[in-house]
Structure formats: C-alpha cells, structure tokens
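The report below is meant to be read beside the sequence and the structure, and it moves from one group of charged residues to the overall fold, the nonpolar cores and a set of paired strands.

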Amino acid sequence: MKLLPAAVAFLSLPHFAAAQTFSVGTARAERGRVATGHLEVPAAADPATSIPVVVVHGVRPGPVLAIVSGSHGTEYASIVAVEKLIGLLDPAAVSGTVILVPLVNRASFDQKVVHVNPIDGKSMNRFYPGRSDGTQTERASYLITKQVVEQCDHLIDLHGGDLDESLRPYSYWTKTGREEQDRISREMVLAFGLDHIIISADRPKDPAASRYLENTASTRGKPSITAEAGQAGTVEPEDVEALVGGCLSVMRYLKMLPGAAAMLQNPVWIESVLSVPSDEAGVFYPLVKRGTYVAKDMPLGYVTDYFGRKIFEARAPAAGVVLYICSVPSMAKGATIANVGVVRTGN
Ligand SMILES: [Zn+2]
C-alpha cells in the first residue's frame, strides 16, 4: 500500500519497548517482570485520587499496548475482565509491554454512581486530553494522556452497559481517514471478535480536543479500539470472557503473544447510531430486548405517569438493532430510552 508522506509522518512509530525498565505512574517494571502501582492524581480544588495501574514488561521487545477499563465505574464486567487479564498475562510469554488500568473511576465504583465521577459530576470518557489544573476528572484524564496514551502504541478502551443499560456486546472502529492507521485498527476490531462493529467517523479530529480516551490515542496516530460487553450491573462469564479473549486475540494480532489471532469473518457493520430520548419523566416499560432487530416505527417502550397512564411511547427512528435499552424503570425527561444501530448494507 502506498502511503502519502504526510500520513507516514503522522503515524506514530512503535515504541518497541526496548528499555530495560518501563514506568507508568508509580509502577516500574524491569524487563520480564510485572509491577503494580498507581497514577497519583494530586488534589486541587477537589480531592486527590489514586488510579491503579499494572505494567507487564515482556521478556522480548515489541509494541506497547494499553488496556483501560472503568471510566464508568459501574460497568462491572469490563473492570472484572481487566483484573482477570492481569492474572493471566505472563511476562515470559509477552513480546512488548502491556499497560493495564482496571479502574479509572474509583469514586463511581465505590459509591455505585452511574455514568459520572461523583466528585465533579463529569463523565470520565468525555474530558480528554484533560488538564492539570481542572477538576478531578480533568486532572485524571490529563495524567492518563501523559502516562498511558503517550507511552503506548495501541490502546483498547473497555466499556459495557452501565447499571441502567441493557446492552448487547459491540465494538467501535474509529475511521480517521489515515489509511494505514485505519487498516490496523480495523484488523484490531476483527481480532477482538465482537460481531457487531460501529463505524465511528464523527469523532473529533483535533488531538487537543479529543474528548474520548480511545480518540485521544487515535488522534495521536495510534491504531486503537473501544469494546463494550456486560450490562445492567451483572458480571456474566460470557461477557467477561468476550472481553478477556478479545484483548488476548488483539495481542496475538499484534504479535505480542504467540499463535494466530481469530479474525472475525462476517461482522455486522453499524453505520450510524440513533439515540432515542424520552420526552417525559416517569416509569419506563421496555417492549424489546437488547439485540432485537427492529423495523422503523416499531415501539421500543413506553413511559407512564406513576398512575399507570401512558404519557410517551418511543418508536424506532429507523430499522436497525437495539444496541442497548434502558434496564430500569427510572426515566428522566431527555434521558436515553435506547440506542438503535443502523446496519450498513452492501460493502
Ligand atoms: Zn462506559
């Protein structure tokens, strides 16, 4: 494949972790060893926090892969998956280096608060690349950008359905328009193995306003992906295994582990995601399940006024697949009832 000189210059060169030691936060691993530590986010206008981090510094040189979860601290299957990966990775078998961050949003996890960091009320996947003088979420994002994103060649951000989201597994492929980078990230989502893949072409292009974690790596020229499995507070073995197995398969694709990656052959590509908000606050009743394929205008669920009277009915804005649907009766005005993915037809 012929690359334009500009594209070549933009693609980050692999770090190929040749150094004898590799440090992330207070975790400092010698070659062939595992180290644990923390990203210490200092106090400012609001309190300090301490984000656990692990470095698996393989015996042989190779790429640096970051695996991050728990930006939303109640997406439990993804957090459990990364803790499980930490126990599975043997540096004697690894070529390159793996940075694992199992739980970005400690306060959300500790207090069982959905979607945001309860310290400052911000989503911990919307304020990248962060700032050193901001609120806790912004300071944590800044440290993750500096310590994790800038030191890696590839990044996998793991999510899932939150406590109030009944979600079917899927991943995101971010199209940056840079051919070689997009080829590698496409092969990473195929190696990861979740059979529904959202094509994400509308993410910010400016590395200084990247908003999302994966996009922070992608806008810095590092082929990266996001994957989601698990839902509604559950930790089902099949969801955890999908995330653990997906990360291991991507490591095989990147030649960080021996063996061939199992590449997905016929995924469902989602070309757009339509969010269906509720026009009313009330009690929500779903009419379809996660993963259901719906026709345009098919009822997705309805909202009542606490007396059993229907005050709002949500319908599918287009034909597609229900990527997730609200899993609890609590419904606020303007909150999301469901996300419907429109399937790409043809090639
Ligand atoms: Zn999430």
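## A charged cluster in helix H5

Arg183 is partly exposed, its relative accessible area being 31%, whereas Glu180 counts as buried at 17% relative accessibility. The assignment of Glu180 follows because buried means under 20% relative accessible area. The model is a predicted one, and in it Glu180 and Arg183 form a salt bridge whose closest N and O atoms are 2.7 Å apart.

Both residues belong to helix H5, which covers residues 179–192, and because Glu180 and Arg183 lie 3 residues apart in that helix, about one helical turn separates them. The pairing also extends to a further residue, since a network of salt bridges links Glu180, Arg183 and Glu187. Side chains of opposite charge can pair when their charged atoms come close.

## Overall fold

The protein has 7 helices and 19 strands. Its radius of gyration is 20 Å, close to the 20 Å that the globule rule gives for 347 residues, so the protein is as compact as a globular protein of that length. Taken along the principal axes, the C-alpha atoms fill a box of roughly 65 × 50 × 40 Å.

Of the 347 residues, 54% count as buried, and the accessible surface comes to about 14,500 Å², with 55% of that area belonging to carbon and sulfur atoms. Among contacts with a separation of 6 or more, 70% are accounted for by residues 24 or more positions apart.

## Nonpolar cores

The largest nonpolar core has 41 residues, and the members that touch the most others are Ile67, Val98, Leu100, Ile156, Leu158 and Phe192. Helix H7, made up of residues 237–253, supplies the largest share of this core with 8 residues. A second core, separate from this one, holds 27 residues, among them Ala27, Ala29, Met124 and Leu213.

Val98 shows how one of these residues is surrounded: once its neighbours within four places in sequence are left aside, Val98 is in contact with Val54, Val55, Val56, Leu65, Ile67, Leu89, Met251 and Met256. In soluble globular proteins, nonpolar side chains tend to be buried together.

## Strands E13, E15 and E16

Strand E15, residues 299–304, pairs with strand E13, residues 282–286, in the antiparallel sense over 4 bridges, and within this pairing Tyr302 of E15 is the bridge partner of Tyr285. Strand E15 is also joined to strand E16, residues 310–315, by 5 bridges, and these two strands likewise run antiparallel. Thr304 stands opposite Lys310 of E16.

The hairpin of E15 and E16 has 5 residues between the strands, and here Tyr306 takes a positive phi near 80 degrees. Asp305 and Arg309 form a salt bridge with their closest N and O atoms 2.7 Å apart. The two partners differ in their exposure, for Asp305 is buried with a relative accessible area of 13%, while Arg309 is exposed with a relative accessible area of 52%.

## Salt bridges in the wider structure

The structure holds 13 salt bridges. Another of them joins the side chains of Lys296 and Asp297, with an N to O distance of 3.8 Å. Lys296 counts as exposed at 54% relative accessibility, and Asp297 is partly exposed, with a relative accessible area of 41%.

Notes
Residues numbered from 1 in each chain as written. Heavy atoms only, no water. Core = buried A, V, L, I, M, F, W, Y, C linked by side-chain atoms within 4.5 Å. Buried < 20%, exposed > 50% of the residue type's maximum accessible area, 1.4 Å probe, protein only. Contact = heavy atoms within 4.5 Å. Pairing = 2+ DSSP bridges. Salt bridge = Lys/Arg side-chain N within 4 Å of Asp/Glu carboxyl O. Rg over C-alpha atoms; globule rule 2.2 N^0.38 Å. Areas by Shrake-Rupley, 256 points an atom, 1.4 Å probe, with all protein chains shown as cover.
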